[in-house]
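Trainee: Got a minute to go through this one with me? I'd like to talk about rings and strands.

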Amino acid sequence: QLAADMAELASEAKARIPRAFEAAEYQQRVDAALAGLHAQHQVITEEMTARAQELNMSLSLTESGINATPLDANGETLTPEQLSAVSPEDAERIQQQQRALQESIGERIPRLRQLERDAVRVRQRVDREIAEFVLEALFAELRETYKEPAETVAYLDEVREDMIHNVAQFLHADRPEDPTSQNSMVRYQVNVFVDHSRSQGAPVVFEQSPTYNNVFGHARHTLGQGVMSTDFTMLSSGSIHSANGGFLVFQVTDLLTYPFVWQSLKQSLKSRQARVENLPEQFVSGSTSNLEPEPVPLDLKIVLVGNSHVARSLMLYDEDFPKLFKVKAEFGLELELNDENIRKHAQFVVNRVHEHGLRHFDASGVARLVEHSSRLVEDQARLTAKFADIADLITEAAYGAKMAGRDLVSGEDVLWAVHERRMRSNMVEDRLQGLYDQGTIRVEVDGEEVGQINGLAVIDMGDYSFGRPSRLTARVSLGRGEFANVEQASQLSGRIHSKGFQILTSYMLGKYGVHATLPIRASVAFEQTYEEIDGDSASSTEIYALLSALSGVPIQQGFAVTGSVDQQGHVQAIGGATRKIEGFFEVCRARGLNGQQGVIAATLKDDRF
């Protein structure tokens, strides 16, 4: 509203001030104010003229100065030719007369100049009085309207004083040949830096692209006559100004990516002020017109969203971080599976549908989404809190329903979307399955073998993971209680797998080698694996193979085993169970299901082997 009122004020001033100065009353006031000065000026002029006549000289006042010319006996001005033809005695006399006149004039020149300066000041005073009279009516209503805050009243007073001081610019504002006067009107505009006229409550701003200019604002420039220039109307706000009085939210990894933003943000929080500075100007030389706007007082909360690793790094390596960001809130990636959270999943589906104009879901569609959510966390008692994955699945399922010509999205459409997503990402899985089918990768799913068992692993492709079995074998011979990890010896064992094997070794020695040294040497290997193996869930599998090799008791090859073991022999929780089981099932199905195949997650007797 202030911007609109100031634009109207400038327009009114441009119309009223010229009319006031063009009126006859204005010239009358000027003439009356200057009458005394004109009289004094006339007296001095007459004195100089009289003195010139006494000296037989002609005196003329021009813009360039005062000219004195000798006269002849008839009172006529001597021409240059006549002056050059006079006798030496007359020339000397004329020079003396000129010097006498110059002395007389020189005594009066300071007074004339003072009168001229006084005349300028008198005219300016009259102009100011006229401008004050015209502008007072325009500003009176504005001062009443914007009496709060006090800074606005001070601004209006400064604008009024500036208009009075530069009243001449209003007299030429509409002349196309005078662009300076036209551009001077810009100074009375109001740059609406931040507009909250349609906001409700405190602003909450999510900065998706935290570049320096986007966060802290900047001044645009125009190029003219080889110089980059700007003015306050070219100042643009940043998200820190838009969020002032509320909340500004960043993804912390994005924030740390852009140069200078993190340091400047900390400085703004420390000083509680936000400055608008063009950062490139500090590093690029050239002819540039710059601005130094007043800093904006800050009263806002900064919210950083990110993972715990970044938070821990900032806490350790940035001494300002714990001082500025004192409140830490951790959010889990899983939810308890209960009626309330199932309803929240359904509400999320409705919001997504309305937001993107998708088809609505029926009860079976929501149920399948909940099942998939539980599958993502691999826990029948929990749901995922990674709603981005669920959101994408909602969109794809709605597309499937559209292609099938259904008005509602059903569980069948959700299953189709899950299948299509898998088919787009499972190329490696399919190729491995082909190797199993061809027998290139040997895995036995029927019969019995001594010292051989199927282990399970999860292969992670980043956006897709799947389970696959691998054949694990153990051999024993005479020795002195030695247990060899072939993967570790070939540098294909990850740190966690190596730790699990050391725990396995401790368990075996503690179980069977307490009273005497075990007279064996055992080795365990994953057959046909050529990449690093990691994780400790193979330790129970390795124990099975070792016990079979030591005892000569065969193991049914229709089973696959997974699970880690501690030094006491307790079987511990496993990860990736769903994918491991499904991976072994696919291999068994390709070879032929016989009803005797399955996965053993643990063999317990009082929670121990």
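**Rings and strands**

Mentor: Sure, and keep in mind that this is a predicted model. To start, Phe 321 is buried, and Phe 325 is buried too.

Trainee: Are the rings of Phe 321 and Phe 325 stacked or edge-to-face?

Mentor: Their centres are 5.3 Å apart, and the planes meet at 25 degrees. Planes under 30 degrees apart count as stacked, so the Phe 321 and Phe 325 pair is stacked.

Trainee: Which residue forms one aromatic cluster with Phe 321 and Phe 325?

Mentor: Both Phe 321 and Phe 325 belong to that cluster. The remaining member is Trp 262.

Trainee: How far apart in sequence are the parts that Phe 170 and Tyr 188 tie together?

Mentor: Their rings are stacked, with centres 5.9 Å apart and planes at 15 degrees. Phe 170 sits in helix α6 (residues 168-171), while Tyr 188 is in the loop between α7 (179-184) and β3 (204-207). So the pair links parts separated in sequence by 18 residues.

Trainee: Is Tyr 188 buried or exposed?

Mentor: Buried means under 20% relative accessible area. Tyr 188 has 2% relative accessibility, so Tyr 188 is buried.

Trainee: On to the open sheet of six strands: which are the edge strands?

Mentor: The order is β17-β18-β16-β15-β20-β21, with mixed pairing. An edge strand pairs on one side only, and that picks out β17 (482-485) and β21 (598-600).

Trainee: What is the bridge partner of Phe 559 in β21?

Mentor: Strand β20 (residues 559-561) runs parallel to β21, and three bridges join them. For Phe 559, the partner in β21 is Gly 598.

Notes. Residues are numbered from 1 along each chain as its sequence is written. This is a predicted model: local features need pLDDT of at least 70, side-chain atom pairs count only at pLDDT 80 or more; totals for chains, interfaces and linings use all residues. Side-chain values use heavy atoms; hydrogens and water are left out. Two strands pair if DSSP finds at least two bridges between them. Helices (H or I, at least four residues) and strands (E, at least two) are DSSP runs, numbered from the N terminus. Rings of Phe, Tyr and Trp (its six-membered ring) pair if their centres lie within 6.5 Å; planes under 30 degrees apart count as stacked, over 60 as edge-to-face and the rest as tilted. Buried means under 20% relative accessible area, exposed over 50%, partly exposed in between (1.4 Å probe, protein chains only).
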